[in-house]
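Here are some short exercises to work through with the structure open beside you. Try each task before reading its solution.

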Amino acid sequence: MSQGPRSGLAAVSTALLAMSRHLEVRDVLKTIVASARELLDAQYAALGVPDDHGGFAQFVVDGVSEEQWRAIGPLPRQHGILAAMLHEARPERLADVRKDPRFEGWPSAHPDMSDFLGLPIRDGDEIIGALFLANKNCPKPEGSCGFTEDDEELLSILAQHAAIALTNARLYERSRELTIAEERSRLAHELHDAVSQKLFSLRLTAQAAAALVDRDPSRAKGELQQVAVLAAEAAEELRAAVVELRPAALDEDGLLATLRTHIHVLDRAHAARVTFVGRGVRALPAAQEEAVLRVAQEALHNALRHSGAEHVDVTLDRRGGGAVLRVTDDGSGFDPQRIRRAGRHLGLVSMRDRASGVGGALSVESAPGKGTTIELEVPGG
């Protein structure tokens, strides 16, 4: 606010307009953090959205490079000052966060921070996030905080509008998910009707061909040719439906964001801790992205429904021009050879088919009591 009321008001207006332009939750979070850091002239800013397991469902930073962020490691847990903002619901303005009795340290790669300003983001009585800044870019006399009461008031205004923007974005995403679900239901009904009719015709024609084989081979041959035509039409109907049913989120958000969102939902829905790390993956051809997503979904389903795992870790890394997906759980594991001999496959056949269909390779490592790792490698385009 030291720039004067007119320039301060203009800066706030710019920040609020930037927040209102986005509908995706991730984009809203990034805009809030960047706006807060710029508005209050801080070196670092971050926003955490808590989950129900003592961690953060989403954690967005500004002022930290991608390399620094990767070196820092896993997302923080809800402890220390972060926990205070989430559970006590009051602002925190500190001259040196490191000297606060609640401070519990940070990873070795974490940037050094001193003066600190943090605020909870509230939607009514619910705390939906924590917004905080560190290292005000200004001279700081010994023992004093660079952030002022004016800064706290300004951040409070921003936090109130951030709550509105974040709630609107969540409502938008929920509405889009419902729309997608309704569209898929419609397509499923259409697919059922169209393919059922084709299969019914194919069955009758095959029965007619079987009845004519002995007494009228020529007519039987004609009926068999019609069977081939009907089978080809049914296959084309299925192929067209599969194209229409390609996950809409892949087209709109890309593979990394789609996987991250899917895993976030699973983490909230299951007792097991489900984590995701994506590193350096470029956009892949559509068929390969869909294969990676489907294999991840199948592997996660097995881990969460059948293995009794407490932790499931998903990573997606760049390898050459392609990518490697790895889904690892600490569950009960199994003997792959025994599963195969027993005629069960836990979705492994469909996963291998998806892998080979895009020129990829799938490997499964598991043993009773040792957990399971499923790895899929796909080439680039």
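**Exercise 1.** Find the residue that follows H4 and give the sign of its phi. Then decide how many residues of H4 are buried, and what they pack against.

*Solution.* Step 1: in this predicted model, Ala89 comes after H4, and its phi is positive, near 55°.
Step 2: go back into the helix, which spans 80-88. Seven of its nine residues are buried, so H4 counts as mostly covered.
Step 3: name them. The buried residues are Gly80, Ile81, Leu82, Ala83, Ala84, Met85 and Leu86.
Step 4: look at what surrounds them. These buried residues pack against S1, S2, S3 (92-94), S4 (116-123) and S5.

**Exercise 2.** Is Asp100 buried or exposed, and what lies by its side chain?

*Solution.* Step 1: locate Asp100 in the loop between S3 and S4.
Step 2: apply the cut-off. Asp100 has a relative accessible area of 12%, and buried means under 20%, so Asp100 is buried.
Step 3: check its side chain. A polar atom there lies 2.8 Å from the backbone nitrogen of Arg102.
Step 4: list contacts, leaving aside neighbours within four places in sequence. Asp100 then touches Ile81 and Leu94. Ile81 is one of the buried residues of H4.

**Exercise 3.** Describe the second largest pocket: what is its volume, and which residues lie nearest its centre?

*Solution.* Step 1: the volume is about 550 Å³.
Step 2: the lining has 30 residues, with Pro76, Leu82, Trp106, His110 and Phe132 nearest the centre.
Step 3: sort the lining by type, which gives 23 nonpolar, four polar and three charged residues.
Step 4: trace where the lining comes from. S1 (42-50), S2 (56-62), H3 (66-72), H4 and S5 (126-136) each supply at least two residues.

**Exercise 4.** How do S9 and S10 pair, and which side chains of S9 are buried?

*Solution.* Step 1: S9 (361-366) and S10 (372-378) pair in the antiparallel sense over six bridges. Ser366 stands opposite Thr372.
Step 2: follow the turn. Five residues separate the strands of this hairpin, and Gly369 among them has a positive phi of about 80°.
Step 3: split the faces of S9. Leu362, Val364 and Ser366 point to one face and are buried, whereas Ala361, Ser363 and Glu365 point to the other and are not.
Step 4: look at Gly360, in the loop between H10 (348-357) and S9. Gly360 and Leu376 are 16 residues apart in sequence, yet their C-alpha atoms are 7.0 Å apart. Beyond four places in sequence, Gly360 touches Ala355, Glu377, Val378 and Pro379.

Conventions
Residues numbered from 1 in each chain as written. Predicted model: local features only at pLDDT ≥ 70, side-chain atom pairs only at ≥ 80, totals over all residues. Heavy atoms only, no water. 1 Å grid on protein atoms, 1.4 Å probe; cavity = no way out; pocket = protein on both sides within 12 Å on 5 of 7 lines; lining within 4 Å. Points joined across faces, edges and corners; volume = space filled by probe spheres on them. Helix = DSSP H or I, 4+ residues; strand = E, 2+ residues; numbered from the N terminus. Nonpolar A, V, L, I, M, F, W, Y, C, P; charged D, E, K, R; others polar. Buried < 20%, exposed > 50% of the residue type's maximum accessible area, 1.4 Å probe, protein only. Contact = heavy atoms within 4.5 Å. Polar contact = N/O pair within 3.5 Å; in protein donor to acceptor, adjacent residues only side chain to side chain. Pairing = 2+ DSSP bridges.
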